[in-house]
Amino acid sequence: MGNKLNSLCRVLLLPGILLAANSSVLAQTGEWVSTTSTSNWEVKHKIPAAQSRKTADAEVFTDKTLQKVEGFGGCFNELGYTSLQLLSSNDRQTIMKELFAPNIGANFTICRMPVGANDFSLDWYSYDETEGDFDLKNFSIAHDLKTLIPFIKEAKKYNPKLALWASPWSPPQWLKRNKHYAAAMVPSKEMIQKYEASGHKLTGMDFSNVTNGLESSQVGKEGTDMFVQDDKYFTTYANYFGKFIDAYKKQGINIGMVMPQNEFNSAQVFPSCTWTAHGLAKFVSYLGPQMQQRGVKVFFGTDERPNEKLADTLLTSPESGKFITGMGFQWAGKGAIAGIHNRYPNLTLYQSEQECGDGQNDWKYCRYTWDLMKHYFNSGANAYMYWNISLNEGGISHWGWHQNSLVSVDTTARTYKFNHEYYLFKHLSHYVKPGAVMLSTGGTFNNMLAFKNPDNSVILIVQNDGENEKQVTIKVGNKTISPILEADSFNTFVVN
């Protein structure tokens, strides 16, 4: 999943990089941490130096900088909060400190939150469900005082500078054509059996106890606008966003950016709303001025399709393009990010949601997550967000989807554990600081990412995906390391 720059570097270099006899080497300086499926976050005592004239497998070009990194984080949702409430106060504080306190653990600096209900909320709700309340007289975030607001405040206690951005999964029901929060009917047992008989699998899905009350006449469809395309409705919804920003600010929580709709192409059994790109462009022309008044940025997203033309519609529209300063990609949207980065190099790009898994939190999915991270950063991403911070073991939502999480809570023993993906995230987020830049690399070995921090330290994240130990020699500027990587391991090296 290397990018074009990496490919170019490999063309310009010979298959191996011969190190000069007088190259300076890195002996016992720096830091090395390793993680395997059976050993998390093992700190090594030294980084082995390369022997003179040893051919390097890879080179990190410390003077060839790529995009800037804004940070890493997760999402605040209700099931994340309620799972943590099953633990003791001391355990909760330990987890939040590990996740959010600067330079302690994951070092999260930027997080996502919903505008109203999402698929991992306790149930459906919005901030104004009063039919025809175009003046939003009944707008209220009282629901969030029970869960999301204390969750966010607890995180900000450890990192007051934590950046937040928000997106809705569904507008209030009365602003939609189908007058319902969902856009897809819960599949029947017969439909599921027929689907799986065709060779497909509903990974992580369990609809046995799920209802949403949607009728066949209310079903949404990709490529259509479920939101009512009318000036009064656009104006009201833009004001809805504004009231949301203002209400949270009164709680001491500043939200710095919004995206107009989560997964705007997807009709789901949970809160969702399909839009066309043209419909979103029209709405952004109303949303943009409301956010500008409050100093809040507007990104386009979240985009879950590989179709770059969807972004072009908003970015080139005179109605919306002037308001959009970034874009969020998730799921199949990963197929569009590289092309958008190439054509809009000044656009800030977020990986807005880690693909969610099936609730097993296994090592196989952790390895897949690494492939995703490489793809997004090699394609120009400026930030990377996990989805569920914490869930009860099994990670099932109100709408029947088992998903992975950074933390799993045992509801019987009232204990917790950090999962494999947490440690992989930490391999990057603990060391790669906001303001770091990604570095270009070359050579025959490319299973790594490289970044340079504002203090000029170079961070290498390297995987050995093989079944045996592997020695890799990496030239970093005028220093060279040659560690032996454990089988099937992730490694972070700090080169000062």
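This report describes two sheets, the helices that pack on them, the largest pocket and a salt bridge in a predicted model.

**The nine-stranded sheet**

Nine strands form an open sheet with mixed pairing, in the order β3-β2-β24-β19-β18-β17-β5-β21-β22. Its edges are β3 (42-43) and β22 (479-481), each of which pairs on one side only. Within this order, β5 (residues 58-68) and β17 (residues 437-443) are joined by six bridges in the antiparallel sense. In this pairing, A58 lies opposite G443 of β17. Helix α10 (residues 363-378) packs on the sheet, with contacts to β2 (31-35), β5, β17, β18 (448-452), β19 (458-464) and β24 (489-495). The direction of α10 makes about 50° with that of β18.

**The three-stranded sheet**

A further open sheet, also of mixed pairing, has three strands in the order β14-β15-β16. Because β14 (390-392) and β16 (415-418) each have a single partner strand, one side of each is left without a neighbour in the sheet. Neighbouring strands here are turned by 25° against each other on average, direction ignored. Strand β15 (residues 407-410) pairs with β16 in the antiparallel sense over four bridges, and D410 has T415 in β16 as its bridge partner. Helix α3 (residues 89-100) packs on this sheet and touches β15 and β16. The direction of α3 makes about 15° with that of β16.

The two helix packings are set out below.

| Helix | Reference strand | Angle between directions |
|---|---|---|
| α10 (residues 363-378) | β18 (448-452) | about 50° |
| α3 (residues 89-100) | β16 | about 15° |

**The largest pocket**

The largest pocket encloses about 730 Å³ of space. It is lined by 32 residues, of which L202, M205, Q268, F270 and W401 are the closest to its centre. By residue class, the lining consists of 20 nonpolar, seven polar and five charged residues. Helix α5 (residues 189-197) gives the most to this lining, with three residues.

**Salt bridges**

Side chains of opposite charge can pair when their charged atoms come close. The structure holds 14 salt bridges. One salt bridge links E154 and K157, with the closest N and O atoms 3.0 Å apart. Both residues belong to helix α4 (residues 148-158), and because they are three residues apart in that helix, about one helical turn separates E154 from K157.

Definitions and conventions
Residues are numbered from 1 along each chain as its sequence is written. This is a predicted model: local features need pLDDT of at least 70, side-chain atom pairs count only at pLDDT 80 or more; totals for chains, interfaces and linings use all residues. Side-chain values use heavy atoms; hydrogens and water are left out. Two strands pair if DSSP finds at least two bridges between them. Helices (H or I, at least four residues) and strands (E, at least two) are DSSP runs, numbered from the N terminus. Contact means heavy atoms within 4.5 Å. Axes are lines fitted to C-alpha atoms, for helices over the stretch in contact, and angles run from 0 to 180 degrees between N-to-C directions. On a 1 Å grid over the protein atoms alone, a cavity is a set of points where a 1.4 Å probe fits but cannot get out, and a pocket is an open set with protein on both sides within 12 Å along at least five of seven lines; lining residues have an atom within 4 Å of a point. Grid points are joined across faces, edges and corners, and a volume is the space filled by probe spheres set on the points. Ala, Val, Leu, Ile, Met, Phe, Trp, Tyr, Cys and Pro count as nonpolar, Asp, Glu, Lys and Arg as charged, and the others, Gly among them, as polar. A salt bridge is a side-chain nitrogen of Lys or Arg within 4 Å of a carboxyl oxygen of Asp or Glu.
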